[in-house]
Amino acid sequence: MGRLNRNESILTTLAEMYPDAKCALIFRNPFELLIATILAAQATDKSVNKITPGLFSRFPTPESMLSLTQEELEQEIKSIGLYKNKARNILATCRLLVEKYGGQVPSVRVDLESLPGVGRKTASVVLAEAFQIPAIAVDTHVFRVSNRLGLAQGKDVVKTEEDLMKNIPMDQWRIAHHWLIIHGRQVCHARKPACGDCALTAYCRHHTGNDYDEEGEAK
DNA sequence: AACTCGGGGCA
DNA sequence: TGCCCAGAGTT
């Protein structure tokens with residue numbers, strides 16, 4: 001086996017740090033993943049996982065979820081916060097799934113992003129996790145960790161999903177998202193990263209004092 | 001680009 | 001008590 005380049009070494013180390021990396025949301029099918037991911041926006045995976053098993057056992061399909069009034073759904077999801085917008089969006093999405101997509105979750109990005117409450121990131125999560133379609137879901141954690149690690153080779157900055165795809169081998173696109181986001185949540189925090197728990201400090205711009213701020217520019 | 005949604009977990 | 005959370009929609 002040949003010598004690993006910089007990004008290959010980083011990804012190999014991440015794989016060793018998080019051997020059990022997987023989607024943090026509990027789901028059994030595309031519909032459950034879609035709803036769980038809409039719920040997970042600006043909430044913690046733990047808080048979402050606390051309510052979704054009970055919710056999905058009683059309302060496992062878009063048709064059955066439409067038996068809820070918005071007020072009833074708000075009460076079901078109240079504990080995760082931002083519940084009014086999410087309840088409205090989820091019911092509107094269920095309506096579209098039934099009326100336009102035969103009760104199924106579409107596997108095309110433009111269709112997914114046309115659903116209320118579904119943006120770029122949620123669409124990528126569903127494409128990659130539910131349909132095994134090449135995509136990398138990117139969020140603030142993924143951008144922060146990617147740029148601290150300098151995954152964009154040299155001085156370039158990862159700003160888009162496409163930027164990240166260019167710098168990660170395609171066979172690792174799906175799992176790399178989980179490595180990066182878990183690392184961001186558990187170790188590589190935005191404010192006070194736990195560098196003592198990190199095996200990647202040798203590659204890290206934060207650790208060497210050349211971190212990137214929220215604009216993606218060198219500090 | 002800035003603003004809004006938000007109850008709950010955790011230090 | 002204060003800070004922050006697996007974003008998206010609106011202005």
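Here are some notes on the helix packing and the DNA contacts of this predicted model.

1. Let's start with DNA strand B. Ten residue names are worth having on screen here: Q42, K50, K78, S79, I80, G81, L82, Y83, K84 and N85 surround the strand. Sorted by class, the residues of this surface are three nonpolar, four polar and three charged. Helix α6, residues 83-100, supplies the largest share of the surface near DNA strand B, with three residues.

2. Which part of DNA strand B faces the protein, sugar and phosphate or bases? Of the strand's atoms within 4 Å of the protein, 57% belong to sugar or phosphate, and the rest belong to bases. Both kinds of atom are therefore worth displaying when you look at this side, given that a residue is counted as near when one of its heavy atoms lies within 4 Å.

3. Three polar contacts to phosphate oxygens of DNA strand B deserve a look. The side chain of K50 places an N or O atom 3.2 Å from a phosphate oxygen of the strand. Y83 uses its backbone instead, with a polar backbone atom 3.0 Å from a phosphate oxygen of DNA strand B. For K84, a backbone N or O atom lies 2.5 Å from a phosphate oxygen of DNA strand B. I would check the K84 distance by eye.

4. L82 is among the residues around DNA strand B, and its backbone merits a comment. Most residues other than glycine have a negative phi. The phi of L82, however, is near 50 degrees, a positive value in a residue other than glycine. This residue sits in the loop between α5 and α6.

5. The two helices on either side of that loop also pack together. Helix α5 (residues 70-77) and α6 meet at an angle of about 125 degrees, and their axes are 9 Å apart. This angle makes α5 oblique to α6, and α5 passes α6 in a right-handed crossing. On the α5 side the contact is made by Q70, L73, E74 and I77, and on the α6 side by Y83, K84, K86, A87, R88, I90 and L91. By class, the contact of α5 with α6 holds six nonpolar, one polar and four charged residues. Y83 and K84 take part in this helix contact and are also among the residues surrounding DNA strand B.

6. Now for DNA strand C, which is surrounded by 26 residues, the closest being A24, T122, I181, R185 and R191. Of the strand's atoms that come within 4 Å of the protein, sugar and phosphate account for 64%. The surface near DNA strand C divides into eleven nonpolar, eight polar and seven charged residues.

7. The polar contacts to DNA strand C include both backbone and side-chain atoms. A backbone N or O atom of A43 is 3.2 Å from a sugar or linking oxygen of the strand. For D45, a backbone N or O atom lies 3.5 Å from a phosphate oxygen of DNA strand C. K121 contributes a polar side-chain atom, 3.3 Å from a sugar or linking oxygen of DNA strand C. The elements giving two or more residues to this surface are α8 and α11 (173-186). Which of them gives the most? That is α11, with four residues.

8. Helix α8 (residues 120-131) has a partner in helix α2 (residues 30-39): their axes come within 10 Å and cross at roughly 150 degrees. The two helices are therefore roughly antiparallel to each other, and their crossing is right-handed. From α2 the contact takes P30, L33, L34, T37 and I38, and from α8 it takes T122, V125, V126, E129, A130 and F131. The contact of α2 with α8 consists of eight nonpolar, two polar and one charged residue. T122 belongs to this contact and is one of the closest residues to DNA strand C.

9. A second positive phi is found in the loop between α8 and α9 (140-148), where Q132 is placed. The phi of Q132 is near 55 degrees, and Q132 is a residue other than glycine.

10. Finally, α11 packs with helix α1 (residues 6-17) at an angle of about 70 degrees, with the axes 10 Å apart. These two helices are therefore roughly perpendicular to each other, and α1 passes α11 in a left-handed crossing. L11, L14, A15 and M17 of α1 meet W179, L180 and H183 of α11. This contact of α1 with α11 has six nonpolar residues, one polar residue and no charged residues.

Methods
Residues numbered from 1 in each chain as written. Chains lettered and ligands numbered in written order. Predicted model: local features only at pLDDT ≥ 70, side-chain atom pairs only at ≥ 80, totals over all residues. Heavy atoms only, no water. Polar contact = N/O pair within 3.5 Å; in protein donor to acceptor, adjacent residues only side chain to side chain. Nonpolar A, V, L, I, M, F, W, Y, C, P; charged D, E, K, R; others polar. Axes fitted to C-alpha atoms, helices over the stretch in contact; angles between N-to-C directions. Parallel < 35°, antiparallel > 145°, perpendicular 65-115°, else oblique. Left-handed = near helix turned anticlockwise from the far one by under 90°. Contact = heavy atoms within 4.5 Å.
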